[in-house]
Number of protein chains: 2
Amino acid sequence: MTDLINNRRTIRKYSNKEVSEELICSLLEASGRASTNGNMQLYSVVITRDDEKKKLLAPAHFSQPAFVGAPLSLTFCADFHRFNLWCKECNADPGYDNELSFLTAMTDTLLVAQTFAMLAESKGLGICYLGTAMYNAKQISEVLELPHNVVPVTTITVGYPAEAPEQQDRINPSAWIHKETYRDFTPTDIHSIYDYKDEMEINKKFVKENEKETLAQVFTDVRYNKANNEYFSKQYMDLLGEKGFLFATELKNNK
Amino acid sequence: MTDLINNRRTIRKYSNKEVSEELICSLLEASGRASTNGNMQLYSVVITRDDEKKKLLAPAHFSQPAFVGAPLSLTFCADFHRFNLWCKECNADPGYDNELSFLTAMTDTLLVAQTFAMLAESKGLGICYLGTAMYNAKQISEVLELPHNVVPVTTITVGYPAEAPEQQDRINPSAWIHKETYRDFTPTDIHSIYDYKDEMEINKKFVKENEKETLAQVFTDVRYNKANNEYFSKQYMDLLGEKGFLFATELKNNK
């Protein structure tokens with residue numbers, strides 16, 4: 001399994017080869033064996049294959065080729081709805097309309113998502129995570145008809161690979177593995193961790209295309225800029241409020 | 001890999017067998033191959049082995065045996081600190097002091113954590129996730145000396161198993177796998193999904209010990225009760241604020 005993960009690549013182009021529903025469901029079923037807080041299983045996944053649904057979801061994913069070209073996508077959702085219904089059926093009063101409960105459900109959800117991703121890759125499938133699931137979670141919620149207490153956390157597109165991309169770079173693991181306490185970084189440390197990125201031909205190209213001086217500026221000014229981050233933060237927090245997860249935030253507002 | 005995950009158990013009792021630093025670091029290094037938003041790698045992990053550090057952390061984990069008895073634990077943190085330092089070194093102005101950025105980093109972090117968990121189990125190690133990392137994140141931050149923009153998300157305890165517990169139950173996967181749209185539940189559905197839990201001997205024992213009528217009440221009144229969820233929500237949101245991640249929330253407060 002270590003070799004598999006050491007050699008993995010995100011796949012954004014998929015072949016026409018059919019991905020059977022049986023395979024997807026068996027991999028999802030196995031993924032449900034991932035650790036879950038108190039065995040509450042605070043997640044749901046919605047499978048999208050239908051062309052009409054895909055068309056409705058595409059704008060939320062900025063119509064990126066990985067989404068549009070995938071035979072199917074899976075939207076993994078933090079879900080307290082089902083658990084709350086169970087509580088109510090059992091004369092129990094659920095108190096899960098708060099941030100911790102959302103983050104707990106989000107954790108459960110991502111452990112299942114990543115377990116699925118690894119299992120899918122072990123079967124020769126290619127996958128791509130879409131961060132847009134969080135950016136445009138409200139639109140996605142509407143298309144997938146998600147009830148109260150259910151919020152999209154991530155989407156994974158799935159298909160057999162039609163590309164063999166080069167493996168992406170990673171920073172030296174010593175930069176993120178700390179022993180006993182967090183070892184802070186000097187400017188020299190930061191340069192020794194990251195400078196190689198600016199030297200990569202593909203990144204030089206990005207910098208030039210975007211008329212920037214450094215790769216970091218491509219991140220801060222273009223790809224993940226402050227205005228968008230703040231806009232999508234507000235959108236997602238508003239959705240969490242609508243879906244019933246903002247206890248502490250509301251508390252502050254009403255002070 | 002499907003068999004491995006289908007047969008997995010969370011392990012809370014560990015043998016004295018040494019877990020080499022080399023093994024842990026090689027599994028972490030491989031875990032860094034997990035998908036990451038924009039290849040930003042917004043995470044850090046702090047390894048705890050030292051007895052003194054363990055004593056300081058134990059109260060934050062309610063001194064649970066899985067933590068106290070583990071040869072080591074790993075605290076996985078959402079980390080924008082290192083990335084922000086890089087931006088500043090490269091004449092770029094980071095705009096990551098907001099909720100979306102935190103949730104993005106949390107996603108990166110959990111994908112690495114779960115990849116590590118699966119790789120560790122594939123090597124015969126046993127692991128246990130501790131939700132307490134989020135409950136008492138502030139104390140943990142202090143012990144691990146986490147800087148601004150770094151917040152604990154989860155802790156995994158690790159060791160060779162000294163127990164062979166029965167596998168935990170899971171609800172029927174058809175309850176959480178939806179096709180095209182979320183299929184809501186009737187009361188009958190809820191009973192057919194969950195009733196088996198109340199019938200399990202171990203759960204009957206929990207219900208009796210806690211002097212409750214139903215298993216759901218053990219969750220809502222004891223294990224994950226409203227007052228604690230709200231308390232820990234506020235604690236965690238306060239920490240996110242201190243660590244610089246609450247743009248939209250502050251915006252609402254200043255309205």
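Biologist: Which residues touch the most other members of the largest nonpolar core?

Modeller: Happy to start there, keeping in mind that this is a predicted model. The largest nonpolar core has 184 residues. Those that touch the most other members are A:Phe102 and B:Phe102.

Biologist: And what does A:Phe102 touch, not counting residues up to four places away in sequence?

Modeller: Within chain A, the partners are A:Ala78, A:Val151, A:Val153, A:Tyr236, A:Leu240 and A:Phe245. As background, nonpolar side chains tend to be buried together in soluble globular proteins. From chain B, A:Phe102 touches B:Leu103.

Biologist: Let's look at the sheet. In what order do the five strands of the open sheet stand?

Modeller: The pairing in this open sheet is mixed. Chain B takes part too, through its strand S5. The order is S3(A)-S4(A)-S2(A)-S1(A)-S5(B).

Biologist: Which strands stand at the edges, and why is one side of each left without a neighbour in the sheet?

Modeller: An edge strand here has a single partner strand, so one side of it is left without a neighbour in the sheet. From one strand to the next, the twist averages 25°. The edge strands are S3 (126–130) of chain A and S5 of chain B.

Biologist: How many bridges join S2(A) to S4(A)?

Modeller: Let me go through the pairs. S1(A) and S2(A) are antiparallel over six bridges, and there A:Ile47 has A:Leu74 as its bridge partner. S3(A) and S4(A) also run antiparallel, joined by five bridges, with A:Ile127 partnered by A:Val158. For S2(A) and S4(A), where A:Asp79 stands opposite A:Val150, the strands run antiparallel and the number of bridges is eight.

Biologist: Is S4(A) largely enclosed or not, and how many of its residues are buried?

Modeller: Buried means under 20% relative accessible area. S4(A) is largely enclosed by the rest of the structure, because its buried residues number ten of ten.

Biologist: Now helix H2 of chain A, residues 21–31: which of its residues are buried, and what do they pack against?

Modeller: The buried ones are A:Leu23, A:Ile24, A:Cys25, A:Leu27, A:Leu28, A:Ala30 and A:Ser31. In chain A, they pack against strands S1 (43–48), S2 (72–79) and S4 (150–159), along with helix H6 (99–122). Their partners from chain B are helix H1 (2–6) and strand S5 (177–179).

Biologist: How do helix H5 of chain A and helix H9 of chain B pack, roughly parallel or roughly perpendicular?

Modeller: H5(A) covers residues 81–89 and H9(B) covers residues 187–199. Their axes lie 10 Å apart, at an angle of about 80°. Angles of 65 to 115 degrees count as roughly perpendicular, so H5(A) and H9(B) are roughly perpendicular.

Biologist: Which residues make that contact, and how many of them are nonpolar?

Modeller: H5(A) brings A:Arg82, A:Phe83, A:Leu85, A:Trp86 and A:Glu89. H9(B) brings B:Pro187, B:Ile190, B:His191, B:Ile193, B:Tyr194 and B:Asp198. By class, one residue is polar, three are charged and the nonpolar ones number seven.

Biologist: One last check on the loops: A:Gln41 has a positive phi, so is A:Gln41 buried or exposed?

Modeller: A:Gln41 sits in the loop between H2 and S1 of chain A, with phi near 50°. In chain B, the loop between H2 (21–31) and S1 (43–48) holds B:Asn39, whose phi is near 55° and which counts as buried at 9% relative accessibility. With a relative accessible area of 1%, A:Gln41 is buried.

Technical notes:
Residues are numbered from 1 along each chain as its sequence is written. Chains are lettered from A and ligands numbered from 1 in the order in which they are written. This is a predicted model: local features need pLDDT of at least 70, side-chain atom pairs count only at pLDDT 80 or more; totals for chains, interfaces and linings use all residues. Side-chain values use heavy atoms; hydrogens and water are left out. Buried means under 20% relative accessible area, exposed over 50%, partly exposed in between (1.4 Å probe, protein chains only). Helices (H or I, at least four residues) and strands (E, at least two) are DSSP runs, numbered from the N terminus. Contact means heavy atoms within 4.5 Å. A nonpolar core is a set of buried Ala, Val, Leu, Ile, Met, Phe, Trp, Tyr and Cys residues joined through side-chain atoms within 4.5 Å. Two strands pair if DSSP finds at least two bridges between them. Axes are lines fitted to C-alpha atoms, for helices over the stretch in contact, and angles run from 0 to 180 degrees between N-to-C directions. Angles under 35 degrees count as roughly parallel, over 145 as roughly antiparallel, 65 to 115 as roughly perpendicular and the rest as oblique. Ala, Val, Leu, Ile, Met, Phe, Trp, Tyr, Cys and Pro count as nonpolar, Asp, Glu, Lys and Arg as charged, and the others, Gly among them, as polar.
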